[in-house]
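These are my notebook entries on a protein modelled together with DNA. I went through the contacts, the rings and one helix in turn.

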Amino acid sequence: MFINYLVQSFLELEVKLRFYLLDVSYEIHGGVPTILLWGVSDDGRRILIVDKSFRPYFYVILREEVDEYGVLSKIKILSRGDSPITSTEVGYKKYYGKPVKVVKITTVKPEAVRDYRELVKKLKDVVDVVEADIRFSMRYVLDSDVPPCQWYEAEVEPLEGVSGYRVNSMYGLAGRLRPLDRTVPPRLRILALDIEVYNPRGAVDPSRDPVIVISLATSDGDLKLLTASEGSPPQDRDLVKEFINYVLAYDPDIVVGYNSNKFDLPYLVERASKLGLSLDIGRVRGGIPRPSVHGHYSIPGRLHVDIYNFAEEIPEIKIKSLDTVADYLGVMKKSERTLIPGHEIHAYWDDRSKRGLLLNYAKDDVVSTLRLSEKFIPFAMQLSSLTGLPLDQVGAASVGYRLEWYLMRSAVKMGELIPNRLEREYEPYKGAVVLEPKKGVHSNVAVLDFTSMYPNIMVKYNIGPDTYVEGECENHYKIPGTNYCFRKDPPGFYKSVLETLLRLRRVVREEMKKYPLGSPEHLILDERQRALKILANASYGYMGWVGARWYFKPGAEAVTAIGRDTIKKAISLAENLGLEVIYGDTDSLFISNRPEVSKFIEEVMKVLELEIKVDKVYKRVFFTEAKKRYVGILDDGRIDIVGFEAVRGDWSEIAKEVQENVAKIVLETGDTKKATDYVRSVVLELKQQKIPLEKLVIWKTLTKSLDEYEVNAPHVTAAKKMIGLGFKVEKGDKIGYVITRGQTPISSRAAPYFMAKLSDIDVDYYVKHQIVPAAMRILEYFGVSEKQLEAISKAGKTLFDFK
DNA sequence: AACCAGGCTTC
DNA sequence: GACGTGCCTGGTT
């Protein structure tokens with residue numbers, strides 16, 4: 001007995017481990033699923049903890065009055081093969097807030113869940129089958145409440161002699177993971193990569209075109225430029241081998257790239273396979289990178305983060321090329337880097353005198369990628385720990401899915417069943433109100449915004465699918481302009497989740513104050529509060545999204561209805577105080593900035609029970625009769641242009657520049673002569689070919705694949721010309737084109753910008769369709785007529801014989 | 001004139 | 001790898 005005890009404790013050798021969780025994945029070992037917890041211990045070791053105790057399951061909702069034993073026996077009969085049904089537990093869960101009788105069906109292999117779901121669905125007395133569409137590793141994160149990018153503590157047993165994993169230590173999990181109260185992650189090894197491909201034919205193809213440069217930069221300051229061997233075409237077998245060796249030697253936790261989900265990684269994998277190699281760069285031996293969810297490409301055991309995903313979310317950046325994004329975020333100035341036109345890369349390789357430039361370009365790309373990753377990863381980590389999505393997937397997942405994972409984590413904690421994702425027909429519904437602006441120039445205008453209007457409405461009126469009542473509205477929240485009502489009590493799912501999100505955000509912001517500005521803690525907590533805010537603000541749009549698990553159209557309609565009602569009531573409050581309302585959109589009001597504004601704010605809080613704040617004050621603001629467009633000048637002299645061509649990505653730079661300057665001149669000085677003179681000078685420059693071609697490029701996105709277009713829009717014909725040149729053009733690509741001279745319709749004269757010379761440009765088009773309309777949009781409200789501006793272009797013609 | 005397409009909206 | 005609606009504009013048909 002005593003000896004037995006000794007032997008046992010000796011074998012177990014439990015130790016307590018503190019570690020930062022990077023990722024959760026699973027493998028099947030001996031027919032049994034094994035959860036793999038990848039992490040970094042607090043002493044800096046790369047560790048892997050395995051948990052063999054977790055099994056896949058799903059829920060069956062039964063009819064309330066049914067005798068469950070009959071159903072249970074029918075379910076048990078279905079058990080078969082190498083993944084039998086190992087248990088069926090009857091219990092109660094909440095489904096949209098109401099208790100339902102469920103059977104939890106557990107099996108062995110995750111893949112078997114789908115098969116059992118289909119069989120069980122057909123049984124009599126089964127209302128629905130839910131939670132059968134959740135990936136096994138995410139199921140583990142949900143149930144054990146172990147989101148990545150957090151510190152944990154756990155009892156583990158060391159595992160010796162396990163091969164197949166490239167980690168410092170392996171353990172078996174002996175207890176539960178307990179979260180630790182630590183904010184700052186450990187020092188992680190980040191490897192940035194970028195590849196250049198030999199592309200004499202334009203579009204590249206991994207089965208044909210070799211990789212010529214792989215540039216690598218690490219968070220430890222190493223920089224490597226690996227190159228192909230000479231030959232025609234160049235030989236890249238050794239290059240790929242060198243790359244694999246480099247990755248294995250550096251052993252990064254995070255691999256970052258720019259558009260590497262769609263390009264670098266899949267290209268390298270295919271190229272390696274073509275060369276008879278295997279891109280075995282993960283922490284699982286033999287586990288090569290593969291496509292995963294949300295368009296993400298995953299490297300087993302490492303986190304592959306595509307920085308492009310984060311750049312995509314910055315609407316201020318119109319063209320999301322690496323150099324533009326790096327420049328915008330202050331990571332690398334365009335003027336201080338080497339740039340090579342994408343289609344000429346092969347020429348820079350072939351010409352030895354230019355090869356240095358190619359290497360510089362590759363270096364600048366990889367260094368800017370690494371620096372961008374340092375900007376984005378702290379935020380991504382916070383999103384990961386909130387949503388439970390691994391760091392490398394959270395960037396690729398859209399806003400809707402991020403919130404959905406947060407909701408799923410909340411549902412599990414609340415004992416709520418997770419609804420299925422359903423195919424639904426899209427149904428439009430009424431949105432926000434936009435007021436008719438009072439046109440002209442207004443001085444001293446305050447812009448007031450309701451803070452987080454939609455989330456606050458959802459909380460205040462307890463809006464959601466589980467609180468919905470149609471028709472009778474006694475003791476309920478009645479939604480004006482609809483026949484919808486929502487129960488006051490108990491709080492519904494959305495309300496509970498949103499209150500938690502908003503409360504957490506307040507807590508984090510308080511916590512932030514304890515740390516000095518610029519400290520790692522402050523930075524991380526700031527990213528956390530930002531992530532919380534983004535999740536809360538996505539809730540209304542999510543509820544109105546047909547793809548959402550918690551889709552609820554009447555709820556979304558109710559939110560906008562209350563929003564419209566609220567803003568109307570706020571307008572009367574303002575007007576009763578003698579304040580002039582100049583404009584308003586959704587949750588904002590432009591009001592004459594007078595002392596009564598503070599009274600107005602108080603009244604809104606008191607009467608409407610929603611918070612409204614002064615967001616900014618315009619010294620002067622200018623409206624046309626158009627909604628959603630205005631130009632304002634702030635106290636510090638900064639110009640704010642909203643909605644106009646000047647801030648749109650689909651107008652030429654020259655037209656935008658002219659419009660912005662015209663607005664500036666007119667708002668600052670009121671001098672229309674000065675403005676028209678300025679427009680004239682630009683038109684003349686254009687006619688003299690003094691305006692660089694880049695300023696004439698118009699960028700438009702292909703929102704579908706080329707063959708789906710029914711019309712010959714300019715960017716569509718330009719894209720077709722690019723295809724003719726051997727370029728790969730896909731849905732989602734931004735096409736940059738210029739309009740060239742000729743008599744045919746405009747679209748037929750659109751040419752990819754890099755194909756055109758300044759002398760090809762249709763100056764007339766740029767004057768009549770770009771510069772003049774952009775300028776007139778402002779000037780016509782200051783008494784300048786179209787004819788006056790047309791005179792400008794005519795004057796130009798006589799002065800300069802440009803045709 | 002009706003349409004299609006694209007872009008921007010807010011903190 | 002789909003969060004919502006409202007609104008404006010240009011170009012084609």
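Before placing any residue I noted how elements are assigned: helices (H or I, at least four residues) and strands (E, at least two) are DSSP runs, numbered from the N terminus. With that in hand I found G637 in the loop between β25 (630–634) and β26 (639–642).

Entry 1, ground rules. I am reading a predicted model, in which local features need pLDDT of at least 70 and side-chain atom pairs count only at pLDDT 80 or more, while totals for chains, interfaces and linings use all residues. Residues are numbered from 1 along each chain as its sequence is written, chains are lettered from A and ligands numbered from 1 in the order in which they are written, and side-chain values use heavy atoms, with hydrogens and water left out.

Entry 2, G637. I looked up its accessibility, taking buried as under 20% relative accessible area, exposed as over 50% and partly exposed as in between (1.4 Å probe, protein chains only). G637 is partly exposed, because its relative accessible area is 30%. I also checked its separation from Y297, and the two lie 340 residues apart in sequence and 46 Å apart in space, C-alpha to C-alpha.

Entry 3, DNA strand C. I counted a residue as near a strand if one of its heavy atoms lies within 4 Å of it. There are 32 residues around DNA strand C, and G295, S398, Y401, G431 and Y765 come nearest. Of the strand C atoms within 4 Å of the protein, 82% belong to sugar or phosphate, the rest to bases. For classes, I took Ala, Val, Leu, Ile, Met, Phe, Trp, Tyr, Cys and Pro as nonpolar, Asp, Glu, Lys and Arg as charged, and the others, Gly among them, as polar. On that scheme the surface near DNA strand C divides into 15 nonpolar, 10 polar and 7 charged residues.

I then listed polar contacts, that is, pairs of N or O atoms within 3.5 Å; within protein, one must be able to donate a hydrogen and the other to accept it, and residues adjacent in sequence count only if both atoms are side-chain atoms. A backbone N or O atom of G431 is 2.7 Å from a sugar or linking oxygen of DNA strand C, and a polar backbone atom of G541 is 3.4 Å from a sugar or linking oxygen of that strand. Y765 uses a side-chain N or O atom, which lies 2.6 Å from a phosphate oxygen of DNA strand C. The elements giving two or more residues to this surface are α12 (399–414), α16 (539–543) and α22 (763–779).

Entry 4, DNA strand B. Here 17 residues surround the strand, and D449, G649, T703, K704 and Y709 are the closest. Sugar and phosphate make up 94% of the atoms of DNA strand B that come within 4 Å of the protein. By class I noted 3 nonpolar, 4 polar and 10 charged residues on the surface near DNA strand B. Which side chain has an N or O atom 2.2 Å from a phosphate oxygen of DNA strand B? It is that of Y709, and a polar side-chain atom of T701 lies 2.8 Å from a phosphate oxygen of DNA strand B.

Entry 5, aromatic rings. Rings of Phe, Tyr and Trp (its six-membered ring) pair if their centres lie within 6.5 Å, with planes under 30 degrees apart counted as stacked, over 60 as edge-to-face and the rest as tilted. The whole structure holds 34 aromatic pairs. Y20 and W151 form an edge-to-face pair, 5.6 Å centre to centre with 65° between the planes, which links strand β1 (residues 15–29) and strand β8 (residues 150–159) across 131 residues. Y20 counts as buried because its relative accessibility is 3%, and W151 counts as buried at 5%. Ring pairs also link Y583, F590, Y618, F623 and Y630 into a cluster.

Entry 6, helix α20. This helix (residues 672–687) has 16 residues and reaches 23 Å from its first C-alpha to its last, close to the 22 Å expected at 1.5 Å a residue, where the expected span is 1.5 Å times one less than the number of residues. Its buried residues include A675, Y678, V682 and L686. D671 caps the N-terminal end of α20, with a side-chain oxygen 3.1 Å from the backbone nitrogen of K673, and just after the helix Q689 takes a positive phi of about 60°.
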